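Here's a quick briefing to read with the model open beside you. Have a look around first, then we'll go through it topic by topic.

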Amino acid sequence: MMNALETLQQRFGFDSFREGQEKVINSLLEGKSAAAVFPTGAGKSLCYQLPAILLPGLTLVVSPLLALMKDQVDALLEKQIAAARLDSSLTSEEYAEVLSKARSGEIKLLYVAPERFNNERFRQAVKRFRISLMAIDEAHCVSEWGHNFRPDYLKLARYAEFCGAERILALTATASPRVLEDICRRFDLDVSVRTRFHRPNLHLK
C-alpha cells in the first residue's frame, strides 16, 4: 500500500506537505483522532482527503457549506477519487444511489451537512457503514465560546459514537485556545495541531 507521501505525489500532484499536514495525516493513519487549526487556504481538506484514500472504510465529511461540498466533490472526481454528497438538491433516486454506493464501498468520501443527522433514515443507513474517519469542518461551531455556534454541532460527538466512527478529525481556521480545548474535550481528541497564521505570500498595504 502507498504511504502518505507517495499518495500525496501520485494522487494530488504535490511534492511535499505543507506545515502541519503530515503530523495530522500520520496521526489519523495511526488510528488517533486529531484537531487541525490551520489558516484559510493552508490545506485543511487534504488532511482528510488523503487518509480517505488509504483507510479501508468510508470517510464521512461534515460541512455546513453546501457550495464548498459541491466544489470539493467535483475536484475529487476530477482526480478519480470516488466522492459524493448528500444534500437537498438530490432527488430521492439520487439520494438512494449515493447511499447504495457508500454501502458497497464504491465511495471513499461522503459529504453531508450537520443537520443531515437529524434524519432518522440517514442515521440508520450510516450506522451500517464502516466509518474509518469522520471529518468535521468548521469545528469551532461546536463550541459555545466560538463566534459561529450552531446547536446541531453539539450532537456530532454523540452521532460519531452512534455510527462507530473509528477516528475523528476536527478542522477549523478560527479557534482560540479556549475553543480548541472545548473541541478536543467534546470529541475526546488525542492530538491537536495549530499552524502559524503568518502568510508570506500575502501583503497588506
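Which helix gives the largest share of the lining of the largest pocket? That's helix 4, with four residues. Bear in mind that this is a predicted model. The rest of the tour covers the pocket, the sheet, the middle of that sheet and the nonpolar cores.

**The pocket**
- The largest pocket holds about 340 Å³ of space.
- Its lining counts 19 residues, and Phe 14, Gly 43, Ser 45, Leu 46 and Gln 49 are the ones nearest the centre.
- Helix 4 shares the job with helix 1 (4–12) and helix 3 (46–54): each of these three puts at least two residues into the lining.

**The sheet**
- Seven strands make up an open sheet with parallel pairing, and the order is 3-4-2-5-6-1-7.
- At the edges you'll find strand 3 (83–86) and strand 7 (191–194), each paired on one side only.
- On average, neighbouring strands of this sheet are turned by 15° against each other, ignoring direction.
- Helix 4 (residues 66–78), the one from the pocket, also packs on the sheet, where it touches strand 3 and strand 4 (109–112). The direction of helix 4 makes about 160° with that of strand 3.
- Helix 9 packs on the sheet too, touching strand 1 (34–37), strand 5, strand 6 and strand 7. Its direction makes about 155° with that of strand 7.

**Strand 5 and its partners**
- Strand 5 is largely enclosed by the rest of the structure, because six of its six residues are buried.
- Strand 2 (residues 58–62) pairs with strand 5 in the parallel sense over five bridges.
- Strand 5 (residues 131–136) also pairs with strand 6 (residues 168–172), again parallel, over three bridges.
- Met 134 is worth clicking on: it is the bridge partner of Leu 60, and it stands opposite Ile 168 in strand 6.
- Ala 135 stands opposite Leu 169 in strand 6.

**The nonpolar cores**
- The largest nonpolar core has 40 residues, and Met 134 turns up again among those with the most contacts inside it, along with Leu 110, Phe 117, Phe 122, Ile 131, Ile 136 and Leu 156.
- Helix 9 (residues 177–187) gives the most to this core, with five residues.
- A second, separate core has 34 residues, including Phe 38, Tyr 48, Val 61 and Ile 81.
- Leaving out residues up to four places away in sequence, Phe 117 touches Leu 60, Val 62, Val 112, Phe 122, Arg 123, Met 134, Leu 156 and Tyr 159.

Definitions and conventions
Residues numbered from 1 in each chain as written. Predicted model: local features only at pLDDT ≥ 70, side-chain atom pairs only at ≥ 80, totals over all residues. Heavy atoms only, no water. Core = buried A, V, L, I, M, F, W, Y, C linked by side-chain atoms within 4.5 Å. Buried < 20%, exposed > 50% of the residue type's maximum accessible area, 1.4 Å probe, protein only. Contact = heavy atoms within 4.5 Å. Pairing = 2+ DSSP bridges. Axes fitted to C-alpha atoms, helices over the stretch in contact; angles between N-to-C directions. 1 Å grid on protein atoms, 1.4 Å probe; cavity = no way out; pocket = protein on both sides within 12 Å on 5 of 7 lines; lining within 4 Å. Points joined across faces, edges and corners; volume = space filled by probe spheres on them.
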